[in-house]
Amino acid sequence: MSNPSQRPKSPRSKAKTVPVAAPPPEPEAAPAEALPEEGASSTSSVTAVLRAMQLIDAFALGESHLPLAELSRRCGLHKTTALRIARTLAQSGYLVQREDGDWRLGPAAGWLGARYQAGFDVQNVLEPALRALTMASGESAAFYVREGHVRTCLVRVEGPQALRHHARMGEGLPLDKGSPGRVILAFSGEPGDLYEAIRQRGFHWSIGEREQGVATISAPVFGKHWRLLGSVCVSGPASRLPQQKLEEMSKTVIAAANQLSYALAGNTGPSATLVRASHWHP
């Protein structure tokens with residue numbers, strides 16, 4: 001009987017050491033199993049970021065606020081998911097919830113846009129140049145940049161005329177419709193007779209190509225090492241800007257584009273190579 005009574009003591013004493021010895025194999029096995037979980041977590045994080053960007057992009061120009069239901073509908077998200085993301089964005093100031101429950105873009109979103117514009121030196125270079133072009137032409141002037149497969153108006157100065165063409169800053173517009181986009185395509189190396197002609201003369205005008213009754217004329221703006229930055233454009237009603245008027249204005253627009261190129265490239269004045277704006281430099 002003494003042997004059976006001693007046997008339980010032996011397992012108990014060993015039981016105290018088993019938990020100490022057992023954990024090492026478990027951590028060794030965990031990393032191998034954690035790899036797929038880590039990948040899944042990474043994918044989930046990317047999805048969350050994309051959804052957050054969707055929520056910010058859901059606001060159209062001119063919309064100061066949107067209800068949660070509309071945000072979730074535009075993004076294709078469940079209301080609870082949209083609410084969770086909106087609250088997360090609010091913690092960083094990208095969204096703000098109003099007293100009535102609607103959501104609006106927050107100060108962080110505005111600061112992000114300001115930093116984007118600062119990359120083109122809007123206040124010190126672009127706005128003064130466009131203002132001078134507006135005074136010289138009597139029409140509205142704008143600067144367009146390429147963002148992927150579209151062009152956007154980075155900055156715009158309205159003309160003095162009561163009847164004028166209005167363009168929304170930040171709105172994505174087609175590259176192949178309107179002179180600002182055509183110029184960007186041409187000096188990006190787009191093939192074709194039309195774009196070769198634009199490269200040769202250094203500007204392009206269009207009437208009613210993207211928007212009926214609107215006429216535009218544009219020229220390319222370059223930075224250092226002939227890197228294309230965008231296009232400067234003068235626009236107005238076609239009734240005030242027929243073909244002959246646009247062609248007469250070409251020298252003024254090219255001169256403004258050249259001056260912008262000198263300023264944005266960090267040059268103090270015109271150079272012999274930049275003056276020849278009718279030749280394309282890749």
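# Salt bridges, ring pairs and a nonpolar core

Arg156 and Glu158 pair up in a salt bridge, with 3.1 Å between the closest N and O atoms. Keep in mind that this is a predicted model. Searching the whole structure turns up 8 salt bridges, along with 2 aromatic pairs. The largest nonpolar core has 26 residues, and helix 10 is its top contributor, with 7 residues. Here's the tour, topic by topic.

**Salt bridges**

- Back to that opening pair: Arg156 counts as buried, at 11% relative accessibility, while Glu158 is partly exposed, at 32%.
- Another salt bridge brings the side chains of Glu139 and Arg240 together, at 2.8 Å from N to O. Glu139 sits in the loop between helix 7 (122-137) and strand 3 (140-147), and Arg240 in the loop between strand 8 (228-237) and helix 10 (243-264), so this pair ties together parts that are 101 residues apart in sequence.
- Are the two ends of that bridge buried or partly exposed? Glu139 is buried, with a relative accessible area of 5%, whereas Arg240 is partly exposed, with 25%.
- Glu196 and Arg199 make a salt bridge too, and here the closest N and O atoms are 3.2 Å apart. Both residues belong to helix 9 (residues 193-201), and because they are 3 residues apart, about one helical turn separates them.
- In that helix 9 pair, Glu196 is partly exposed, at 36% relative accessibility, and Arg199 is buried, at 6%.
- There's also a network: Glu70, Arg73 and Arg74 are joined by salt bridges that share partners.

**Aromatic rings**

- A pair of aromatic rings is described by two things, the distance of the centres and the angle of the planes.
- The structure holds 2 such pairs. In one of them, the ring centres of Phe187 and Phe222 are 5.8 Å apart and the planes sit at 80 degrees, so the pair is edge-to-face; planes over 60 degrees apart get that label.
- That pair links distant parts of the chain, 35 residues apart: Phe187 is in the loop between helix 8 (179-186) and helix 9, and Phe222 is in strand 7 (residues 214-222).
- Both of those rings come from buried residues, with Phe187 at 4% relative accessibility and Phe222 at 5%.
- Phe222 also pairs with Trp226, again edge-to-face, at 4.9 Å centre to centre and 70 degrees between the planes. Put the ring pairs together and you get a cluster of Phe187, Phe222 and Trp226.

**Arginines over rings**

- Arg151 lies over the face of Tyr144, 4.9 Å from the ring centre.
- Arg201 does likewise with Phe203, at 5.6 Å from the ring centre.

**Helix 5**

- Does the length of helix 5 add up, and what span should its residues give? At 1.5 Å a residue, the 13 residues of helix 5 (residues 79-91) should span 18 Å, and the end C-alpha atoms are indeed 18 Å apart, which agrees.
- The buried residues of helix 5 are Thr81, Ala82, Ile85, Ala86 and Leu89. Around the axis they cover an arc of only 130 degrees, which puts them on the same side of helix 5.
- Turned away from that buried side is a face of helix 5 with the exposed residues Thr80, Arg84 and Gln91.
- Just after helix 5 comes Gly93, which takes a positive phi of about 85 degrees.

**The nonpolar core**

- In soluble globular proteins, nonpolar side chains tend to be buried together.
- Which residues have the most contacts inside the largest nonpolar core? They are Leu130, Phe143, Ile217, Ala219, Val232 and Val253, out of 26 residues in that core.
- The elements giving two or more residues to this core are helix 7, strand 3, strand 4 (150-157), strand 7, strand 8 and helix 10. Of these, helix 10 gives the most, with 7 residues.

**Leu126**

- Leu126 lies in helix 7 and counts as buried, at 0% relative accessibility.
- Leu126 and Leu154 are 28 residues apart along the chain, and 9.4 Å separates their C-alpha atoms.

How values were computed:
Residues numbered from 1 in each chain as written. Heavy atoms only, no water. Helix = DSSP H or I, 4+ residues; strand = E, 2+ residues; numbered from the N terminus. Expected span 1.5 Å × (residues − 1). Buried < 20%, exposed > 50% of the residue type's maximum accessible area, 1.4 Å probe, protein only. Arc of directions from axis to C-beta. Salt bridge = Lys/Arg side-chain N within 4 Å of Asp/Glu carboxyl O. Phe/Tyr/Trp six-rings, centres within 6.5 Å; stacked < 30°, edge-to-face > 60°. Lys NZ or Arg CZ within 6 Å of the ring centre and 35° of its normal. Core = buried A, V, L, I, M, F, W, Y, C linked by side-chain atoms within 4.5 Å.
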